[in-house]
Amino acid sequence: MAVKKLRILHTNDLHSQLENWPSVTAWLKDRKKQAKINGEDVLLFDIGDHADRAHPVTEGLHGTGNVRLLNELEYDAVTIGNNEGMTLPKAELDSLYSNAEFPVIVSNLFEPDGERPSWAVPWKIITTPGGLRVGITGATVPFQLFYKTLGWKVEYPLEELTRIAKELKPDTDLLICLSHLGLSEDVQMAEQIPEFDLVLGAHTHHVLPEGKKINSTWINQCGRGGKYAGEVKINIHSEGNLQDKVDIYKVTTEEMNLQQRDEQTDKLISELAVQADRNMSEKVIDLPERLNSDWYSPASLATLLAEGLTEWCDAEISMVNAGVLLEGLPEGLVTYKDIHRICPHPINPAAVRISGEKLLEIIRQARKKEMVEFALKGFGFRGKILGAMVFDKIKVPENKSYISEDDVFINGEKLSRSREYKLATLDMFTFGHLYPAISSISEKEYYMPEFLRDVLIWKLKEQYTEPE
């Protein structure tokens with residue numbers, strides 16, 4: 001019985017930690033070389049969130065530098081993550097892959113009229129040099145309100161993936177899903193769509209040292225930040241039924257040796273950094289005074305940002321955590337590079353309508369020491385700690401241990417527990433566990449594609465530019 005050998009290499013969730021990418025590149029090149037010596041076909045995939053606008057190279061080149069790095073390694077296919085899909089304006093995402101030398105496979109993203117984007121395909125069959133037919137589909141996490149605000153339509157993917165899997169299975173030797181959905185969804189997919197031989201996952205940053213098998217489907221996911229990469233070794237027999245033909249005999253996630261680096265990739269990243277730096281040297285403003293930042297108190301820059309947030313969202317009040325500003329701004333020339341350095345987060349403004357009762361709960365929670373010093377990871381936050389909460393149009397006594405409703409004034413009037421207020425804040429507070437009083441509100445409004453730093457730039461110019 002003839003046996004064909006295939007090695008699959010894969011990456012996910014680099015999040016533009018480009019300092020680790022030369023090590024990933026060295027590992028991938030070594031594994032490709034090994035496979036060639038062993039007579040194996042090789043396929044290489046990325047499962048999204050390669051680009052992250054918190055990094056100046058990604059910001060300054062609008063993600064195109066990331067695509068160039070993928071091209072250099074000759075990726076066979078990629079899917080998109082929420083960082084590619086939701087942090088770039090629609091026009092920038094439409095042009096991101098213009099020079100890509102690989103297919104972008106995503107089955108659940110559409111134009112508002114239901115047409116697929118011109119740069120993406122829902123599936124592809126790759127025939128390897130050894131004659132193996134490998135079917136590939138992909139999906140990205142369906143944050144529907146965010147995508148709708150940006151001018152896209154994203155669907156829950158299970159139904160479409162089921163249809164594609166049933167259609168491709170008879171015409172392929174191996175069927176793979178590139179899934180930027182998260183591990184729990186990958187498990188659900190493996191349980192409900194047995195046609196998939198392999199699900200390469202992302203988004204939840206799990207590390208699966210030896211993969212995870214659900215029934216006859218293998219799942220692998222390899223962490224975050226280029227600290228890990230994945231490898232799957234497969235034998236495919238020429239005889240037997242469809243399921244028995246595929247022998248996935250090794251699924252691993254390997255930790256990178258960060259001391260081992262590919263010199264060519266180091267050089268390319270340095271070149272990209274120079275280009276990005278040039279693009280980000282644009283003047284924002286000449287500041288007539290220094291604006292300070294303090295993670296533990298409402299300093300001048302955070303106060304200005306809170307005021308800008310209220311105005312940007314046409315709200316009555318706002319709240320922003322001081323930790324989103326990593327530094328202050330000195331007197332003198334301020335460039336876009338400076339703003340990006342002090343406020344790198346891919347975080348959008350958001351607004352909710354909230355009762356005085358819940359607002360009082362938030363004020364009390366925000367003052368707790370453990371909340372101020374909370375070292376948040378995720379939700380777009382790229383800082384160290386949350387920091388003190390800075391309010392605009394909300395007056396709260398600074399040194400009082402217990403805050404009652406009589407202590408809080410909104411635009412000069414005593415807080416009313418029963419009244420509803422329009423609160424401007426950050427999108428990261430509208431989901432997850434940080435402030436349940438906000439995340440539990442069903443109706444939320446997001447202001448996209450602008451980030452928090454765009455609001456800061458706008459407010460700085462409004463505050464310090466004299467009218468002509």
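**Exercise 1. Which residue stands opposite P349 in β22? Describe the setting of this strand in the predicted model.**

Solution. Begin with the residue itself: the one that faces P349 across the pairing is L426, in β22. Next, place this contact among the strands, where β17, covering residues 349–355, is joined to β22 by 7 bridges, and the two run antiparallel. Then turn to β15 (residues 317–321), which is joined to β22 by 2 bridges in a parallel arrangement, with I317 having L423 as its bridge partner. Finally, consider how covered the strand is: β22 spans residues 420–426, and 6 of its 7 residues are buried.

**Exercise 2. Work out the strand order of the open sheet of 6 strands, and explain what is particular about β5 and β10.**

Solution. The order is β5-β6-β8-β9-β11-β10, and the pairing is mixed. Because β5 and β10 (212–214) stand at the edges with a single partner strand each, one side of each has no neighbour in the sheet. From one strand to the next, the twist averages 25°. Helix α8, made of residues 183–192, packs on this sheet and touches β8, β9, β10 and β11, while its direction makes about 170° with that of β11. Returning to β5, we find that β5 pairs with β6 (residues 133–140) over 5 bridges in the antiparallel sense, and that I125 has G135 in β6 as its bridge partner.

**Exercise 3. Characterise the aromatic pair of W119 and W152, and decide whether each residue is buried or exposed.**

Solution. The structure holds 9 aromatic pairs. In the pair formed by W119 and W152, the ring centres lie 6.1 Å apart and the planes make 85°, an edge-to-face arrangement. The two residues are 33 positions apart and belong to distant parts of the chain, with W119 in the loop between β4 and β5, and W152 in the loop between α6 and β7. For the accessibility step, the cut-off for buried is under 20% relative accessible area; W119, at 11%, is therefore buried, and W152, at 2%, is therefore buried too. W152 has a further contact, since K90 lies over the face of its ring, at 4.2 Å from the ring centre.

A second pair, F429 and Y435, is also edge-to-face, at 5.1 Å centre to centre and 90° between the planes, and both of these residues are buried. Elsewhere, one aromatic cluster is formed by F143, F146, F379, F431 and Y446.

**Exercise 4. Examine the salt bridges of D30 with R31, K400 with D407, and R417 with E405, noting the accessibility of the partners.**

Solution. A search of the whole structure finds 33 salt bridges. In the bridge between D30 and R31, the N to O distance is 3.4 Å; D30 is partly exposed at 31%, whereas R31 is buried at 11%. These two residues also belong to a network of salt bridges that links R7, D30, R31, E40, E231 and E254.

For K400 and D407, the N to O distance is 2.8 Å, and here K400 is partly exposed at 38%, while D407 is buried at 13%.

For R417 and E405, the N to O distance is 2.6 Å. This pair links distant parts of the chain, 12 residues apart, with R417 in the loop between β21 and β22 and E405 in the loop between β19 and β20. R417 is partly exposed at 27%, and E405 is partly exposed at 27%.

Key
Residues numbered from 1 in each chain as written. Predicted model: local features only at pLDDT ≥ 70, side-chain atom pairs only at ≥ 80, totals over all residues. Heavy atoms only, no water. Phe/Tyr/Trp six-rings, centres within 6.5 Å; stacked < 30°, edge-to-face > 60°. Helix = DSSP H or I, 4+ residues; strand = E, 2+ residues; numbered from the N terminus. Buried < 20%, exposed > 50% of the residue type's maximum accessible area, 1.4 Å probe, protein only. Lys NZ or Arg CZ within 6 Å of the ring centre and 35° of its normal. Pairing = 2+ DSSP bridges. Axes fitted to C-alpha atoms, helices over the stretch in contact; angles between N-to-C directions. Contact = heavy atoms within 4.5 Å. Salt bridge = Lys/Arg side-chain N within 4 Å of Asp/Glu carboxyl O.
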